[in-house]
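I set out to record what I looked up in this structure, entry by entry. The sequence and the structure come first.

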Amino acid sequence: MRKIIVSMRITLDGFVTGPNGEMDWMEEFMDDALGTYETELQKSVDTSLFGRETYQGFASYWPQVARDPASPQGMVEYAQKLNAMRKIVFSKTLSHAEWNNSTIVSEIILEEIIKLKQEKGRDIVIHGSASIVRTLTNLGLIDRYQLLVYPVVLGSGKPLFQDISHQVKLSLVDTQTHPSGVVVLSYEPVKN
């Protein structure tokens, strides 16, 4: 069965964005190790799940990177793979998706996600999209949380784990420390 993997950038105090949606706190920590992390993750997945906001951010950026001759080769290759990947967008407001290989679904239905996980193929990734992470956490459908913890304290913002309906016990399965100070903590739910 395919796994659903969360790949989420968070601050040390647990926020995924600042109070006004800002994500500029990530910029100074970009390094080759983060690029390698993304490349390796991308090799293991063939489907991305998005909420509307994250999808629109990705869709407005990555297709242009793939076409821009001034983009670094590594970013072009990453963008081309993202562009080709199957993308499922959960949104009640979007009526159509312009980014290729994208499908809009109006709501998360437990049985449909289970069917998706049972399909043949590589794993499924959620980049960002905290609301989707929360919903799938509450449904017990996340198989791995890969939290990229940035050495920044914002003090306020949008928390990753908000409105979780029950305790989720996790087991640490891997750690990676990058030269930038970003630490990747990989957890899997403890099976009862």
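The entries below cover aromatic rings, salt bridges and one strand with its partners.

**Entry 1. Status of the model**

I note at the outset that this is a predicted model.

**Entry 2. Aromatic pairs**

I looked up the aromatic pairs and found that the structure holds nine of them. I began with Trp25 and Tyr150, whose ring centres are 5.4 Å apart. Their planes stand at 85 degrees, and because an angle over 60 counts as edge-to-face, I recorded this pair as edge-to-face. I then asked where the two residues lie in the chain. Trp25 belongs to the loop between β2 (15–17) and α1 (32–44), while Tyr150 is in strand β7 (residues 144–150). The pair thus links distant parts of the chain, 125 residues apart. Are Trp25 and Tyr150 buried or exposed? I found both of them buried.

Next I turned to Tyr61 and Trp62, which also form an edge-to-face pair. I noted 4.9 Å from centre to centre and 85 degrees between the planes. For Tyr61 the relative accessible area is 41%, and I entered this residue as partly exposed. Trp62 has 14% relative accessibility and counts as buried, because the cut-off for buried is under 20%.

**Entry 3. An aromatic cluster and a charge**

Which residues form one aromatic cluster? I listed Phe50, Tyr55, Phe58 and Trp99. At Trp99 I also found a charge: the charged end of Lys87 sits over the ring of Trp99, 4.5 Å from the ring centre.

**Entry 4. Salt bridges**

I recalled that side chains of opposite charge can pair when their charged atoms come close. How many salt bridges are there? I recorded a count of nine.

One of them joins Glu38 and Arg9, with 3.0 Å between the closest N and O atoms. Glu38 is in helix α1 and Arg9 is in strand β1 (residues 4–11), so this bridge ties together parts that are 29 residues apart in sequence. I found both Glu38 and Arg9 buried.

I then looked at Arg86 and Glu119, whose side chains meet in a salt bridge at 2.7 Å, N to O. Arg86 lies in strand β4 (residues 86–90), and Glu119 lies in the loop between α4 (110–118) and β6 (123–127). This pair links distant parts of the chain, 33 residues apart. Arg86 is partly exposed, with a relative accessible area of 34%. Glu119 counts as partly exposed at 34% relative accessibility. I noted further that Arg86 and Glu119 are linked with Arg2 and Asp46 in a network of salt bridges.

I also examined the salt bridge between Arg144 and Glu188, where the closest N and O atoms are 2.9 Å apart. Arg144 is in strand β7 and Glu188 in strand β10 (residues 183–189), so the pair ties together parts 44 residues apart in sequence. Glu188 is partly exposed, and I entered a relative accessible area of 22%.

**Entry 5. Strand β3 and its partners**

Lastly I looked up strand β3 (residues 45–51), which is mostly covered: six of its seven residues are buried. To β6, strand β3 is joined by four bridges, and the two run parallel. Thr47 has Ile124 as its bridge partner in β6. With β4, strand β3 pairs in the parallel sense over five bridges. Phe50, already entered in the aromatic cluster, has Val89 as its bridge partner in β4.

Conventions:
Residues are numbered from 1 along each chain as its sequence is written. This is a predicted model: local features need pLDDT of at least 70, side-chain atom pairs count only at pLDDT 80 or more; totals for chains, interfaces and linings use all residues. Side-chain values use heavy atoms; hydrogens and water are left out. Rings of Phe, Tyr and Trp (its six-membered ring) pair if their centres lie within 6.5 Å; planes under 30 degrees apart count as stacked, over 60 as edge-to-face and the rest as tilted. Buried means under 20% relative accessible area, exposed over 50%, partly exposed in between (1.4 Å probe, protein chains only). A charge sits over a ring if NZ of Lys or CZ of Arg is within 6 Å of the ring centre and within 35 degrees of the ring normal. A salt bridge is a side-chain nitrogen of Lys or Arg within 4 Å of a carboxyl oxygen of Asp or Glu. Two strands pair if DSSP finds at least two bridges between them.
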